[in-house]
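Good morning, and thank you for coming. I should like to take you through two parts of one structure, beginning with a single helix and ending with a pair of helices.

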Amino acid sequence: MLAGSTSSIRFSPASLQVSCWLRQVQPLFARQQATSRVFQVHRRIHAAHTMKKRVQGEENCTTSKGKADDALVRNATLADHSDAAVYQTSISNPSVQDGLTPHAPLSIDESRNVEDIYNPAGIHSTHGQQNPHHHYPDPHHTGHQNPIDSLEETPPDRLKTRQELLDSLLKATSLTDGWEAYHTLTVMFPRHMYHLSGAPKIPQRHLHHLARLLASTKPRTRTLFLRLSAVLTMLHRSGYRIYLWEWNALIDCAGKRWRKCSLEDYKAAVEVFSKMTTPQLTENSDGDEDTAAEPVLWHVQPDIITYTTLLYIAGRSLDPSAIRHASNLLRASGLPPNRITHLSLLYYYTRTKQLSGVRSTLQKMKEQGFEPGLDGINACIWAYGRNGHMDVASTIYRVLRHNLQPELDVGEYDIDAVVEYLLDVEGIAIRDDLIPDKVTYTSLIQAFAYHGHIMKALHVFVDMLSTPNREPKAPIEQQTGELPLYQPTLAAFRGIFLGFARHAQKPLPLRTPPGSLSDRLRPIQQNDWNLENLHQVFRAFMNLPADAMPSERLIYWILVSFGKA
């Protein structure tokens, strides 16, 4: 369902030039219908290799056979085509599913071991000659147990190990532990992944638990998208139901696979959405695994979270056609938008420099009875600050700081006049209980530094470091029981160093003398983006905790800052 199509795969002509002894391996896959997956062959090769060592003293190899083996070893072209031969064999078997077959080359010795399983002692095939009429004798006529049948029963100790892995998967609290247990199950116990009907034997609650760990992981990455897609594909092939929240998480991961979103990412999210809304014919495996599965037509109805996710991904792509398409999907659904639906458009209006769209969105929210909330206020600060309207951004910050530390000044430009201006002109309503958080301080520091206001950025930075952290998930100091102060963040330092990289200037003795008379008569202005202030900021940066890992981009801006200052 979620796996890609393999119709466009083309194979090299070299895969058709396969030696006879490799072609004799192919009937092995055709006869074993219940265990026809390619990874079973490798296990059988290992068992046959062990049996060959035990009976090595009982077999007498003839001289002609030894010469044939030497000729095979000296023939380097056989090794070149071994990988292609195994891959061709896996594709020729229609029961092998995409993405579940490991491709590994068969060496010369291993291929002979596979052939020895079906050839009793004293009966050998001729290597290097193709015999289309060659018939394999019945391996059961010797009176000994077929080694292939002995592999169908798993020892109790391996079953115990598999149960321990299932328990670890179900009890995992971190994505690392959960995915490690799941990956180990798929590698160590490939035969236990599927029974005859093709449904895996991993219980559905284990798979849903792993999907929940993947869906709650931030940030979204391409690896996360591939893992979640693999788990949901396993659920679908098992006949289990994929819940709505799992579909929504997969759509969100599809649109956030890369750092910068494009129209292709939105198309990938829409493709997942189309598969979600299409009725899927699966098998009902909710009961006992041994009972026969009944076909069930699953249907998932999208909710407002689904359409909001699509609208946000379309906004991040910065493509107007994607915005129109997502808006039409929401309008056709008949679902009323919620507060997050309106706020998801602010990113698009901010990046496209449409402050009128920001005002109209806030006006629609007011008409529908939605308040912007602190996340909406922070989005407004970033919208006005990114587009150079630092007066409006600083005014919003002033009202939030007043809610934390009330201003006592009364006059023409008192706080009441500021609140009235934001409500009447910009349409921004700020409740009395809203106070700045880490996102507020960081956004304003980055905006001030980007536009060249170093002193204002440092003032906000000082406000941040001297304010107790009252956020819901903030830790409380065990000794004093008081709220801790905000700690400096790497994002705030990155904004300040970026400002130095944009606005820093060389000291006066190091500058080139002005060429014209007007340049010489122009008064020299004191620049706050100097080397001394840069050293002060860098010393504060070096005092960060040892576990703070700066990114490559942050290190780059530090080097550029010192290079310009």
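Against which helices do the buried residues of H21 pack? Please keep in mind that this is a predicted model. The buried residues of H21 are in contact with three elements: helix H18 (355-367), helix H19 (373-386) and helix H20 (390-404).

Let us look at H21 itself. Helix H21 covers residues 415-426, which is 12 residues. At 1.5 Å a residue, a helix of this kind should span 16 Å, and the C-alpha atoms at its ends are indeed 16 Å apart, so the expected and the computed values agree.

Which residues of H21 are buried? They are Ile415, Val418, Leu422 and Glu426. Viewed down the axis of H21, these buried residues fall within an arc of 55°, and therefore they line one face of the helix. Asp416 and Asp424, by contrast, are exposed, and they sit on the face of H21 turned away from its buried side. Just after the helix comes Gly427, whose phi is positive, at about 70°.

I turn now to the pair. Helix H13 (residues 263-277) packs with helix H15 (residues 320-333) at an angle of about 20°, and their axes lie 11 Å apart. Because angles under 35 degrees count as roughly parallel, H13 and H15 are roughly parallel to each other. The crossing of H13 past H15 is left-handed.

Which residues meet between these two helices? From H13 come Leu263, Tyr266, Val270 and Phe273, and in H15 they meet Ala322, His325, Ala326 and Leu329.

Thank you for your attention.

Note on methods
Residues are numbered from 1 along each chain as its sequence is written. This is a predicted model: local features need pLDDT of at least 70, side-chain atom pairs count only at pLDDT 80 or more; totals for chains, interfaces and linings use all residues. Side-chain values use heavy atoms; hydrogens and water are left out. Helices (H or I, at least four residues) and strands (E, at least two) are DSSP runs, numbered from the N terminus. The expected span of a helix is 1.5 Å times one less than its number of residues. Buried means under 20% relative accessible area, exposed over 50%, partly exposed in between (1.4 Å probe, protein chains only). The arc is that of the directions from the helix axis to the C-beta atoms. Contact means heavy atoms within 4.5 Å. Axes are lines fitted to C-alpha atoms, for helices over the stretch in contact, and angles run from 0 to 180 degrees between N-to-C directions. Angles under 35 degrees count as roughly parallel, over 145 as roughly antiparallel, 65 to 115 as roughly perpendicular and the rest as oblique. A crossing is left-handed if the near helix is turned anticlockwise from the far one by less than a right angle, and right-handed if clockwise.
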